[in-house]
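Q: I am a first-year student, and I would like to be guided slowly through one part of this structure and then on to other parts of it.
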Amino acid sequence: MSVEKKFGDYGGQYVPEALMPAIEELTDAYERYVLNNEDGFMDEFRRRIRDFGGRPTPLERADQLSERYDREVYLKREDLLHGGAHKLNNALGQVLLAKYMGKERIIAETGAGQHGTATAMAAAHLDLPCEIYMGRRDINRQRPNVFRMRLNDAEVTPVDVGRGTLKEAISETMRDWARTVETTHYVIGSIVGPAPFPAMVRDFHSVIGEEIDRQFRERFDEPPGAVVACAGGGSNTMGTFDAFVDGDAELYAVEAGGSSLTVDDEAGVAPHSASLSTGEEGVLHGARTKLLQDDHGQILESHSVSSGLDYAGVGPELAHLVDEGRVVPTNVDDDAALEAFHRLSQEEGVIPALETAHAFGFLEAVAGPETTRDRELPETVVVNVSGRGDKDLEAVVEETDKRDLENAPSMEVFDG
């Protein structure tokens with residue numbers, strides 16, 4: 001098997017010359033250990049993600065949502081993976097790979113804190129020191145995850161440049177890696193960055209879609225009609241979709257529609273994070289992909305109520321699949337995501353991450369009682385619950401207080 005470096009017009013290795021030796025070393029290690037299972041690497045990974053991570057995760061029928069939407073709705077419960085999100089699949093894989101490569105230190109970026117938490121846990125599990133870069137704004141939004149990372153003995157380094165979100169955290173982590181390539185491995189948290197990261201991260205996460213396919217066929221003897229996942233950088237999206245790309249299931253990537261879909265070029269901020277739906281081709285963080293940018297090609301700052309979707313780009317493979325028509329990009333706004341957060345909590349007893357809530361906001365938009373969209377979903381739908389919402393409770397209380405949301409409980413109990 002050979003390493004995928006391009007996905008149609010997207011991907012590549014747009015990095016400084018100082019990083020090319022590290023990229024070449026990682027490419028060689030990925031091919032040997034991940035693709036060809038040298039020294040039994042993948043056997044050890046599968047054992048650890050089972051015993052330490054808790055795989056396989058359940059595929060659960062959502063009884064109330066199935067009745068509400070008049071179709072079979074199933075939840076892939078990645079929120080039940082150790083750490084509370086799908087992120088451990090990739091973090092454990094990359095930290096283990098760093099161990100096989102003889103690296104002495106782990107660095108990573110994080111937005112919502114789930115990737116940082118997963119990396120910190122994996123590094124502690126495999127006895128490697130770890131430093132996590134996190135935007136100051138995201139630190140303030142995700143304090144529980146910051147504590148969890150530090151509890152796992154990781155150093156959390158604030159990033160104060162720009163708006164202090166995921167884009168700036170990635171840039172700062174890449175600068176660290178350029179200075180310390182001989183001893184350090186950078187655990188990129190999504191299917192972004194220079195090759196081989198997009199393919200490698202997808203491969204570690206592909207266990208999600210493989211389990212869905214097997215679990216669904218055990219019940220129905222056929223694949224699901226549609227598969228839905230939220231999309232920021234795209235790690236859970238491609239991990240969920242990979243097993244179905246060559247099949248017939250409809251694939252929906254749900255982005256953060258933010259407060260509107262009107263880009264304010266003068267302010268340098270897009271009030272959304274819908275790069276698959278509205279972005280244009282450009283280069284960011286080492287890869288050519290779809291990006292939010294102004295008329296002069298400058299990267300716009302993104303917006304989402306969910307830290308993990310607050311990114312101005314998307315993985316190159318996902319961009320390619322959208323261009324090919326295999327993946328349907330769609331988006332829902334902050335209000336719809338918050339409504340879905342409360343709805344899933346109340347009707348199914350599952351408190352989702354705000355990122356995940358966007359996927360359920362889409363389900364309501366296309367199949368709910370008051371739908372205004374003309375797309376008809378198939379009779380069987382699987383939604384990936386990419387993470388749990390413990391980390392978002394404080395933010396949800398704050399955001400709900402600003403709005404009059406139909407499904408929101410009274411916040412008065414939290415006063416004083």
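How many residues does helix H15 have, and how far does H15 reach from its first C-alpha to its last?

A: The model is a predicted one, and every value below was computed from it. Helix H15, which covers residues 354-367, has 14 residues, and from its first C-alpha to its last it reaches 20 Å, close to the 20 Å expected at 1.5 Å a residue. H15 is also mostly covered, since 14 of its 14 residues are buried.

Another helix can be read in a similar way. Helix H5, residues 114-125, has twelve residues and spans 16 Å between its first and last C-alpha, close to the 16 Å expected at 1.5 Å a residue. Ten of these twelve residues are buried, so H5 is largely enclosed by the rest of the structure. The buried residues are Gln114, His115, Gly116, Thr117, Ala118, Thr119, Ala120, Met121, Ala122 and Ala123, and what covers them includes helices H4 and H7 together with strands E5, E6 and E8. Just after H5 the chain comes to aspartate 127, which takes a positive phi of about 60 degrees.

The strands named there lead to a sheet. It is an open sheet of four strands in the order E7-E6-E5-E8, with parallel pairing. Its edge strands are E7 (155-159) and E8 (184-187), each of which pairs on one side only, and the twist from one strand to the next averages 25 degrees. Within this sheet, E5 (residues 105-110) and E6 (residues 130-135) run parallel and are joined by five bridges; threonine 110, for example, has methionine 134 of E6 as its bridge partner.

Helix H4, one of the elements covering H5, also packs against another helix. H2 (residues 41-51) and H4 (residues 88-101) meet at an angle of about 135 degrees, with their axes 10 Å apart, and because of that angle H2 counts as oblique to H4. The crossing of H2 past H4 is right-handed. On the H2 side the contact is made by Phe41, Glu44, Phe45, Arg48 and Ile49, while the H4 side includes Leu88, Leu92, Leu96 and Tyr100.

One residue of this contact can be followed further. Glutamate 44, found in H2, has a relative accessible area of 19%, and it counts as buried because that value is under the 20% cut-off. Leaving aside its neighbours within four places in sequence, glutamate 44 is in contact with Leu96 and Tyr100, and both of these are among the H4 residues that make the contact with H2.

There is also an open sheet of six strands, in the order E3-E4-E14-E9-E10-E13 and with mixed pairing. Strands E3 (59-61) and E13 (327-333) are its edges, each pairing on one side only, and neighbouring strands of this sheet are turned by 25 degrees against each other on average, with direction ignored. E4 (residues 72-76) and E14 (residues 380-384) run parallel and are joined by five bridges, and in E14 it is threonine 380 that serves as the bridge partner of glutamate 72. Helix H14 (residues 334-348) packs on this sheet, where it touches E10 (250-258) and E13, and the direction of H14 makes about 85 degrees with that of E13.

Note on methods: Residues numbered from 1 in each chain as written. Predicted model: local features only at pLDDT ≥ 70, side-chain atom pairs only at ≥ 80, totals over all residues. Heavy atoms only, no water. Helix = DSSP H or I, 4+ residues; strand = E, 2+ residues; numbered from the N terminus. Expected span 1.5 Å × (residues − 1). Buried < 20%, exposed > 50% of the residue type's maximum accessible area, 1.4 Å probe, protein only. Pairing = 2+ DSSP bridges. Axes fitted to C-alpha atoms, helices over the stretch in contact; angles between N-to-C directions. Parallel < 35°, antiparallel > 145°, perpendicular 65-115°, else oblique. Left-handed = near helix turned anticlockwise from the far one by under 90°. Contact = heavy atoms within 4.5 Å.
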